[in-house]
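These exercises concern helix packing and pockets in a single protein chain. Work through each task with the model open, then read the solution.

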Amino acid sequence: MIKNLNFNEPFIIAEIGGNHEGDFEYAKKLLIDAADAGADAVKFQTYFSEKIVSKVENEERFKHFSRFELPIEKYIELANLAKENDVIFMSSIWDKDSLKELDKYISIHKIGSGDLTNYPLIREILQTGKPLIISVAMADMQEISETIDFINSISPEHIKNGKLGILQCVAMYGNPMDEFANLNVIKELKKQFPEAIIGYSDHTEGNYAANIAVALGSKILEIHFTDDKDREFRDHQLSVTSKELKELKKNIKKTIILAGDGVKIPVKGIETPERIWEFRRACYLKKDCKKGELISTENLTTLRPCKGIDARAYDDILGKKLITDKKAFHALSWDDFE
């Protein structure tokens with residue numbers, strides 16, 4: 001059982017969501033493909049149209065969700081299949097009854113952006129005590145803060161114990177555009193909610209944005225997953241394939257290496273004292289000077305290597321008088337001056 005969301009490396013969730021389009025056999029295939037490609041978790045969406053949409057107010061959406069439904073027992077089978085394939089099973093739960101049926105099969109809960117303000121459901125999920133990840137598409141920082149405040153009022157240990165994840169997300173379905181991804185929000189979420197685990201739910205094409213998200217500090221990545229981007233359902237176009245997920249994992253390792261630890265000091269073994277000595281500059285006379293001569297910009301320069309008086313002392317030398325003859329381009333000493 002996962003205790004919190006403090007992963008050593010970015011935690012990759014392959015979001016199958018509704019890409020199975022109501023076909024259970026296809027759902028199983030996508031799960032196995034994602035597991036083979038190296039996903040840490042596979043995530044579905046458990047919903048039933050009559051529990052999420054008013055068929056009076058939005059009949060079209062009601063029919064849409066009806067087409068993508070799977071029976072509860074099928075999600076249990078998927079959970080068992082995930083276990084067999086050594087991948088974590090997740091499913092966004094969209095109603096309280098489904099939560100009661102599936103909670104024991106889920107170790108990390110996920111609230112999608114549409115339910116960011118569904119406080120009754122969030123309360124039920126928090127009461128399981130399990131880690132919770134929320135996506136924040138369609139929200140501003142005030143709305144996000146209000147939801148976090150609600151979470152803290154119900155279960156303050158979630159954010160204190162690393163059990164709350166917040167994913168930057170923009171609900172780009174059907175026409176994903178890079179200029180709307182706004183990945184810099186990741187930095188702002190880290191600043192505003194320093195105790196939470198910050199990540200990114202990708203709705204762009206390809207896997208480029210996910211690598212940038214990692215470089216910006218994302219510890220969780222939710223990536224839509226498919227085996228065919230040409231299928232009619234819109235989510236397939238913004239999903240990654242097995243090949244792309246493998247490439248993403250490889251690139252993430254390189255991104256992490258390139259990002260480093262953020263501590264700015266000379267790199268031991270590479271930027272050695274000897275190399276610094278060779279690269280940095282010191283103060284030198286650019287022509288022979290006699291005892292008693294004053295130092296000016298006419299006879300003083302800075303050159304490599306950094307031997308003698310450091311270049312940072314250039315202004316301090318100007319106006320000083322030599323107490324000995326001094327040849328050009330020889331290292332200087334403070335003992336050379338009056």
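**Exercise 1. The second largest pocket**

Which element gives the most to the lining of the second largest pocket, and with how many residues?

Solution. The model is a predicted one.
- Step 1: The pocket to find has a volume of about 330 Å³. Its lining consists of 14 residues, and those closest to its centre are Lys83, Ile88, Phe89, Tyr105 and Ser107.
- Step 2: Helix H4 and strand E3 (88–93) each supply at least two residues of this lining.
- Step 3: H4 gives the most, with four residues.
- Step 4: By residue class, the lining of the second largest pocket divides into nine nonpolar, two polar and three charged.

**Exercise 2. The largest pocket**

Describe the lining of the largest pocket by element and by residue class.

Solution.
- Step 1: The largest pocket holds about 680 Å³ of space.
- Step 2: Its lining has 33 residues, and Gln45, Phe65, Trp94, Gly114 and Tyr173 lie nearest the centre.
- Step 3: At least two lining residues come from each of strand E2 (41–46), helix H2 (49–52), helix H3 (59–67) and strand E8 (220–224). H3 gives the most, with three residues.
- Step 4: The lining of the largest pocket divides into twelve nonpolar, twelve polar and nine charged residues.

**Exercise 3. H1 against H4**

Determine how helices H1 and H4 are oriented to each other, and list the residues in contact.

Solution. Two packed helices are described by the angle between their axes and the distance between the axes.
- Step 1: The axes of H1 (residues 24–37) and H4 (residues 72–84) cross at roughly 25 degrees and come within 10 Å.
- Step 2: Angles under 35 degrees count as roughly parallel, so H1 is roughly parallel to H4.
- Step 3: H1 passes H4 in a right-handed crossing.
- Step 4: On the H1 side the contact has Phe24, Ala27, Lys28, Leu31 and Ile32, which meet Lys74, Glu77, Leu78, Leu81 and Ala82 in H4. These residues divide into seven nonpolar, no polar and three charged.

**Exercise 4. H1 against H11**

Carry out the analysis for H1 and H11.

Solution.
- Step 1: H1 and helix H11 (residues 242–259) have axes 9 Å apart and pack at an angle of about 25 degrees.
- Step 2: H1 and H11 are therefore roughly parallel to each other.
- Step 3: Their crossing is right-handed.
- Step 4: H1 contributes Asp33, Ala34, Asp36 and Ala37 to the contact, and H11 contributes Ser242, Leu245, Lys246 and Lys249.
- Step 5: The contact residues of H1 with H11 divide into three nonpolar, one polar and four charged.

Key: Residues are numbered from 1 along each chain as its sequence is written. This is a predicted model: local features need pLDDT of at least 70, side-chain atom pairs count only at pLDDT 80 or more; totals for chains, interfaces and linings use all residues. Side-chain values use heavy atoms; hydrogens and water are left out. Axes are lines fitted to C-alpha atoms, for helices over the stretch in contact, and angles run from 0 to 180 degrees between N-to-C directions. Angles under 35 degrees count as roughly parallel, over 145 as roughly antiparallel, 65 to 115 as roughly perpendicular and the rest as oblique. A crossing is left-handed if the near helix is turned anticlockwise from the far one by less than a right angle, and right-handed if clockwise. Contact means heavy atoms within 4.5 Å. Ala, Val, Leu, Ile, Met, Phe, Trp, Tyr, Cys and Pro count as nonpolar, Asp, Glu, Lys and Arg as charged, and the others, Gly among them, as polar. On a 1 Å grid over the protein atoms alone, a cavity is a set of points where a 1.4 Å probe fits but cannot get out, and a pocket is an open set with protein on both sides within 12 Å along at least five of seven lines; lining residues have an atom within 4 Å of a point. Grid points are joined across faces, edges and corners, and a volume is the space filled by probe spheres set on the points.
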